[in-house]
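Work through the exercises below with the sequence and the coordinates at hand, and attempt each task before reading the solution that follows it.

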Amino acid sequence: MKHARIAYRGALRTALVEQDDELLLMADGQRAGFDEVVWLPPLEPRTVFALGLNYADHATELSFKAPERPLIFLKGPNTFVGHNGYSPCPADVRQMHFECELAVVIGRKGRRIRQEQAYDYVAGYTIANDYALREYLENYYRPNLRVKNRDFCTPLGPWIVDAMDIADPMALGLRTFVNGEAEQHGNTRDMIFGIPALVEYLSDFMTLSPGDLILTGTPKGVRYLQPGDEVITEIDGIGCLANTIIPEPRGQRRELVPVAETPSWRCPEPAS
Amino acid sequence: MVGSCLRECVPIDGTVYGVALDGDDPLGTHSELFSRPPYNGAPITPVLFIKPRNTFLAHNGIVQLPRTLGEVEANAALAVVFGRDTRGVAAAQALNAVVGYTLAIDLAEPGADFFRPPIRETCRDGFLPVGPVIVSRDAIDIGSHRLRLEIDGREAASLSLEGSDERIAKLIEEVSAFMTFRAGDVLLASRTPLRPCARIGSRISAILDGIGRLHCCLGLEDGVTR
């Protein structure tokens, strides 16, 4: 089964996906079409691990030697955006690129999990597009948060597919299209550290918990994007995740009154 | 006090971000080390990291270490707690987004460099004791205090927080320029320098007058065999 989180008629809902008919079935029996809802990231992830240079061809493309142990960085919850969402590109950035990745949802708490048992701890799979902005790369804790933890720059979804519905997650084709043109294709079988190895590596020193998410890295294929570009990342057996690049909104700096004096229910001043 | 509880608990529930190599660090960012590869120059923006939830540990907790880990580095840190979602604020306004402060002990295996995120070294279960309580921003003048780290009752490092209001405000401006701090998120803004080491059996304390004392002990993992 496929599980989505949506906003529908002013309420936040979970829904099962009836993909053949493009319908979403909510807990109260209502159905809504794919176009009638706002798609949210299919979970609010707990700890998010992301892999760098986990496909040999992509590592070579970026002039890096394949790593000897997994190159892992963490992401905060601010960076996720759902299917059909918008990702902002700052005005000074010319090197923003997509990264289509298989995302593994952890479903059970575990520590010191052996490779052979790793799949017992996986609840399901979804798609992530782990955008990077290469101009902002620095050689400290690389890739640094300014590159990888920007607001709304990690599309996730459209839904989670139950683990039991994916026969072999290590043999799935991945593809990315920009404005309809194929720009990236690969297969999860080419990961350097596969899902069982990653689960074993991480759980060797830390406890994995339900809601943790592992973005398993991206294969070869780089094209720089600009506002207006429509990016679709696709993985066999899961679906298609769509996203549009927009110019970064110019933030208006507001006056902030101290937190303690701000009742949360107060309405904003009407615009003059 | 903004957050407290009867039994010992972790008083925070957001994402914890931290800053490495900030102004307090004796390594500095202009040392010879950082002019060479792989760094090739000082950092341009704050060097940020995330401490994930499995690292959170309540006051008086026991950090369970594997037998193979001889010692760990410890820093006392001032934990700044956000009271509202904060993005794109100017330094002059930034502290108005802060609801209060608490303490943290930031633990790490020695030996990591600054080139790649040191996940294995810094993200073990229990590697961020936090607490004991959140003290509201109005109730404390952070700049008039010293942050201290004690190991087994002896002072191992300390840091004057004079001027830290300005530094924290600047940091919030720089980071919130590209990402939102959500209400409840935490920024480890000032850390004691030196990175002294502690061993299994050690008792570690972070101390700040006006907030209190946060303790943890280093113990051994149960059932380490696999």
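**Exercise 1. Two domains of chain A**

Task: In this predicted model, determine how far apart the C-alpha centres of domain 1 and domain 2 of chain A lie, and describe the side of domain 1 of chain A that touches domain 2 of chain A.

Solution: Begin with the bounds, since the domain assignment of chain A gives domain 1 as 1-40 and domain 2 as 43-248. The C-alpha centres of these two domains of chain A lie 24 Å apart. The contact takes seven residues from domain 1 of chain A and 10 residues from domain 2 of chain A. On the side of domain 1 of chain A that touches domain 2 of chain A, strand 1 (2-8) and strand 5 (38-40) of chain A each supply at least two residues, and strand 1 of chain A gives the most, with three residues. Sorted by class, the residues on that side of domain 1 of chain A are five nonpolar, one polar and one charged.

**Exercise 2. Strand 6 of chain A and its partners**

Task: Establish which strands pair with strand 6 of chain A, in which sense they run, and how the two faces of strand 6 of chain A are covered.

Solution: Take the pairing with strand 7 of chain A to begin with: strand 6 and strand 7 of chain A pair in the antiparallel sense over five bridges, and within this pairing Phe49(A) stands opposite Leu74(A). Turn next to strand 17 of chain A, which runs parallel to strand 6 of chain A and is joined to it by three bridges; here Leu213(A) is the bridge partner of Val48(A). For the faces, note that five of the five residues of strand 6 of chain A are buried. Val48(A), Ala50(A) and Gly52(A) lie on one side of the strand, while Phe49(A) and Leu51(A) lie on the other.

Strand 6 of chain A also appears in the packing of helix 3 (residues 195-205) of chain A, whose buried residues are Ile195(A), Leu198(A), Val199(A), Leu202(A), Ser203(A) and Phe205(A). These buried residues pack against strand 6 (48-52), strand 11 (100-106) and strand 17 (213-215) of chain A, together with helix 2 (119-122) of chain B.

**Exercise 3. The largest nonpolar core**

Task: Find how many residues the largest nonpolar core has, and which strand gives the most to it.

Solution: The largest nonpolar core has 141 residues, and those with the most contacts inside it include Ala103(A), Val104(A) and Leu78(B). Strand 5 (residues 71-82) of chain B gives the most to this core, with nine residues, and the core draws at least three residues from each of domain 1 and domain 2 of chain A. To follow one member outward, list the residues touched by Ala103(A), leaving out those up to four places away in sequence: among them are Tyr125(A), Ile127(A), Leu156(A), Leu213(A) and Leu215(A). As background, nonpolar side chains in soluble globular proteins tend to be buried together.

**Exercise 4. Asn149(A) and the contact between the chains**

Task: Explain why Asn149(A) counts as buried, and describe the side of chain A that touches chain B.

Solution: Asn149(A) is found in the loop between helix 2 and strand 14 (154-162) of chain A. Asn149(A) counts as buried because it has 26 C-beta neighbours inside 10 Å, where the cut-off is 20 or more. Once neighbours within four places in sequence are set aside, Asn149(A) is in contact with Lys75(A), Gly76(A), Thr79(A) and Met179(B). Asn149(A) and Phe49(A) are 100 residues apart in sequence, and their C-alpha atoms are 12 Å apart in space.

For the chains as a whole, the contact takes 34 residues from chain A and 41 residues from chain B. The elements giving two or more residues to the side of chain A that touches chain B are strand 7 (71-75) and helix 2 (145-148) of chain A, and the largest share, four residues, comes from strand 7 of chain A. By class, this side of chain A has 15 nonpolar, 10 polar and nine charged residues.

**Exercise 5. An open sheet in chain B**

Task: Give the strand order of the five-stranded open sheet of chain B, and identify its edge strands.

Solution: The order is 4-13-12-8-9, with mixed pairing, and the edge strands are strand 4 (61-65) and strand 9 (154-160) of chain B. Strand 8 of chain B runs antiparallel to strand 12 of chain B, joined by five bridges, and antiparallel to strand 9 of chain B, joined by six bridges.

How values were computed
Residues numbered from 1 in each chain as written. Chains lettered and ligands numbered in written order. Predicted model: local features only at pLDDT ≥ 70, side-chain atom pairs only at ≥ 80, totals over all residues. Contact = placed C-beta atoms within 7 Å. Nonpolar A, V, L, I, M, F, W, Y, C, P; charged D, E, K, R; others polar. Pairing = 2+ DSSP bridges. Buried ≥ 20, exposed ≤ 12 C-beta atoms within 10 Å, placed from the backbone. Core = buried A, V, L, I, M, F, W, Y, C linked by C-beta atoms within 7 Å. Domains from an automatic or database assignment.
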